[in-house]
Structures are given as C-alpha cells and as structure tokens.
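Welcome, and please open your viewer with the cartoon and side chains ready. We will go from stop to stop, selecting a few residues each time.

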Amino acid sequence: MWDSLSLPWQACLELAWEAYCDDCYPIGAVVTDADGIILSRGRNRVYPVRLWLGRSRGVDIAHAEVEALHDMDYIGIDPHACCLYTTTEPCAMCMGTFYMSGLRTLYYAAREPYAGGVDLLGKTWYLSHKPIKVFGPFDPALEVIIMAMAVEQDCSMHGGELPENIVHQRWADVFPQGVELGKSLGRSGELCAMRNKGADSAEVINWLISLVK
C-alpha cells in the first residue's frame, strides 16, 4: 500500500502519524506545485486540554490544512497552479482558508462525516465564483484506516473506550468498519504500542491496511 502512494500522500500520512504520536488528531496536509513538488507541510496541533500546559500551540484553529497554507511561501509562485492534499476532508474553517488562499485544487483521502466542509462550495456567491476542483477519497481501505486512527485517538483519551456523542455517532453511521477497527485498536493498545516502539508511518499504514483487506 505505502509504495503505491504518491509522495504528497506519503507526506500527508507521515504528518498524520506525527500528529498522532504527539497526542493530536491524526491529520496531515501538504501543498504542492503543479509538478507535485511539496512546498509546505502542516499537521494537526490541537492538543487535548490536559496537555495544554507548557505548549505554545494548543489552540483550536491549529488544523493541518491551515498550518500548511499559512507556512507556504507565496512569493514567486502561482497559487492557482498549486494543490492542497489532506488526509481528511477539511472543516468549514479550513475550506474557507483554502478558498481564500488562491489555490484551486483540493485532494482529500477520507470524508469527515461530522465536520467536513467541502459541500460549502457553491452555497454562496463568493463560494461559487472561483473554479475550484475537488477530488475526494480514492481508496476505500485507506479511508477506513484514517477514520480508525481518529477513533483510536479518542479511545486513548478516554481510557480505551469511545464516548457516546453525536460526533462518534455520525462517524459510525458512515464508517462502521472504521469505527469498529478504531475501537478494537483502542482496547488492544496495539497502535499505541507501535508509537511507543518508534514505528515509522510506512510500517503503521501497511499494518493497518492489512487489518482491513
């Protein structure tokens, strides 16, 4: 699985795993030029409240897509020719940031049934007049494991069990396999064990894919 992914997707998943290992939601994003060269990177930096102490970036707007778009050097490039890749469908804030950045092409690997904001495009005049191209999930198994990692992260934050709330219900309605896999990983502690042993993202993704296929 890993070797079949393009470099932008590998980079996104590396950043998502980095975020997971730092107790943040496992979401990663990169901006590329028209030739697929990575120009900037970002990953989720929204820490649980219990980990805010001593951290300089624990605010709720430190999302992967915003980080990648903010860190790009816009001098000397044509943003219209650039692409944003992200592991997870951007939320409303990230969609707004993407839209205003000047980029024209968005790729995301997994839907976000609760907070995804791609469908905001076309809902107002302003969000309708730019020629935005959006490309959604391209591999069902990858979509499942991205959801499973997010679920497992929530389980780890709550003693190994997934709390019952509207977010998790929305996830389960759309991704029952991903939610069940995430809950299983939360109970077993296997994903945490891979983090503790320093597994790299390629090893983790290939292992997770083996649990799905």
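The tour below visits a strand, then some charged pairs, then some aromatic rings.

Before you start, note that this is a predicted model, in which local features need pLDDT of at least 70 and side-chain atom pairs count only at pLDDT 80 or more, while totals for chains, interfaces and linings use all residues. Residues are numbered from 1 along each chain as its sequence is written, and side-chain values use heavy atoms, with hydrogens and water left out.

**Stop 1: strand β3**

Select residues 83–88, which make up strand β3. Helices (H or I, at least four residues) and strands (E, at least two) are DSSP runs, numbered from the N terminus. Is this strand buried or exposed? Six of its six residues are buried, so β3 is largely enclosed by the rest of the structure. Here buried means under 20% relative accessible area, exposed means over 50%, and partly exposed is in between (1.4 Å probe, protein chains only).

Now add residues 28–32, strand β1, which pairs with β3 in the antiparallel sense over four bridges. Two strands pair if DSSP finds at least two bridges between them. Look across from V30 and you will find Y85 of β3 opposite. Next, show strand β4 (residues 105–110), which runs parallel to β3 and is joined to it by five bridges. Add helix α3 (residues 92–101) to see β3, α3 and β4 make a right-handed β-α-β unit. Right-handed means that, with the strands pointing away from the viewer, the path from the first strand over the helix to the second runs clockwise.

**Stop 2: C83**

Stay in β3 and pick C83. C83 is buried, with a relative accessible area of 11%, and its bridge partner in β4 is T105. Which residues are in contact with C83, leaving aside its neighbours within four places in sequence? They are V30, V31, T32, L103, T105 and Y107, where contact means heavy atoms within 4.5 Å.

**Stop 3: salt bridges**

The whole structure holds seven salt bridges, each a side-chain nitrogen of Lys or Arg within 4 Å of a carboxyl oxygen of Asp or Glu. Select E18 and R43, whose side chains meet in one of them at 3.3 Å, N to O. E18 lies in helix α1 (residues 7–21) and R43 in strand β2 (residues 38–43), so the pair ties together parts that are 25 residues apart in sequence. E18 is partly exposed at 38% relative accessible area, whereas R43 is buried at 5%.

Add D22, which also forms a salt bridge with R43, the closest N and O atoms being 2.9 Å apart. D22 sits in the loop between α1 and β1, 21 residues from R43. For another pair, select E203 and K197, where the closest N and O atoms are 2.9 Å apart. K197 is exposed, with a relative accessible area of 55%.

**Stop 4: aromatic rings**

Rings of Phe, Tyr and Trp (its six-membered ring) pair if their centres lie within 6.5 Å; planes under 30 degrees apart count as stacked, over 60 as edge-to-face and the rest as tilted. The count comes to six aromatic pairs. One of them is W9 with Y85, edge-to-face at 5.2 Å centre to centre and 85° between the planes. This pair links helix α1 to strand β3, with W9 and Y85 76 residues apart. W9 counts as buried at 8% relative accessibility, and Y85 is buried at 11%.

Finish by selecting W9, Y85, Y107, F135 and F138, which ring pairs link into a cluster.
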